[in-house]
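Hi,

Here is the structure I promised to pass on. Have a look first, and my notes follow below.

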Amino acid sequence: MQCTNCKKENPDNALFCKNCGAKMSNFKTCSNGHNYSADLNACPFCPSQQSFSSQKTQMISDVSDRTRVDISQPVLSKTNSSVNNSDRTMIYSPPQENKQELPLQASSLRKLIGWLVTYDLNPEGTDFRIVVGRSKIGNNQSNDFVLNATGVSDDHAVILYRDNKLWIQDQLSTNGTFVNDELIEEKTKLSNGDIIKMGNVKLKVVIVNPEEMK
């Protein structure tokens, strides 16, 4: 308790100030320096500690805004065909058993007989596969042997291998077809090593098994 005269601290039950001897009033002094009636248990000017402790902090949370991670296995379900899914990207992979290989070129399905070899189209050399059956030669991309060169017609000639014999026939080309420097007008038999000339291109006949064609 604080003396109102000299402002010195005294015991709460003191009747006179131990410093100045003044009569002590029936007051108490709190830790913040407030004088209050000794009949009170606590300073009425200071906030009550109990009022603070009685107010509990409440955490309000809304679980609706939480990010949830679904670790369950994906489940495929049938979709209604009436729903418009035109804005979705869909990747379709057909079953393995339904896959079909691209058709092979006809020449790859026939037996190899030999080659036509030339260095006039490419300095490194160009070769065309001679196979059983009929093969077309010309400047047009639809031919089996495409010769992009001056003097070669779109559909220039035809080569045919049948019954162990190799033939060539001109297809009414503009500049004609030559075999060993001779202009041919009818179907002509070819042998290993013959030179065919079409426009500015010379092609050498190379047979795999020449003895079969004798």
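To start with a residue to click on: is K197 buried, partly exposed or exposed? K197 is partly exposed, because its relative accessible area is 28% (buried is under 20%, exposed over 50%, partly exposed in between, using a 1.4 Å probe and protein chains only).

Some housekeeping: this is a predicted model, where local features need pLDDT of at least 70 and side-chain atom pairs count only at pLDDT 80 or more, while totals for chains, interfaces and linings use all residues. Residues are numbered from 1 along each chain as its sequence is written, and side-chain values use heavy atoms, with hydrogens and water left out.

Back to K197, which lies in strand β12 (strands are DSSP E runs of at least two residues, numbered from the N terminus). A polar atom of the K197 side chain lies 2.6 Å from the backbone oxygen of G199. Leaving aside neighbours within four places in sequence, K197 is in contact (heavy atoms within 4.5 Å) with G176, T177, F178 and K202. K197 and V179 are 18 residues apart in sequence, yet 6.4 Å apart in space, C-alpha to C-alpha.

T177 sits in strand β9 (residues 177-179) and counts as buried because its relative accessibility is 0%. The T177 side chain makes polar contacts with the side chains of D170, at 2.6 Å, and H156, at 3.3 Å. Such a contact is a pair of N or O atoms within 3.5 Å; within protein, one must be able to donate a hydrogen and the other to accept it, and residues adjacent in sequence count only if both atoms are side-chain atoms.

Now the inside. The largest nonpolar core (buried Ala, Val, Leu, Ile, Met, Phe, Trp, Tyr and Cys residues joined through side-chain atoms within 4.5 Å) has 24 residues, and L116, I159, L166, I168, L190, I196 and M198 touch the most other members. Strand β13 gives the most to this core, with 4 residues.

On rings, there is 1 aromatic pair (Phe, Tyr or six-membered Trp rings with centres within 6.5 Å; planes under 30 degrees apart are stacked, over 60 edge-to-face, the rest tilted). The F128 and F145 ring centres are 5.3 Å apart with planes at 35°, so the pair is tilted. F128 is in strand β4 and F145 in strand β6, 17 residues apart, and both are buried.

Cheers
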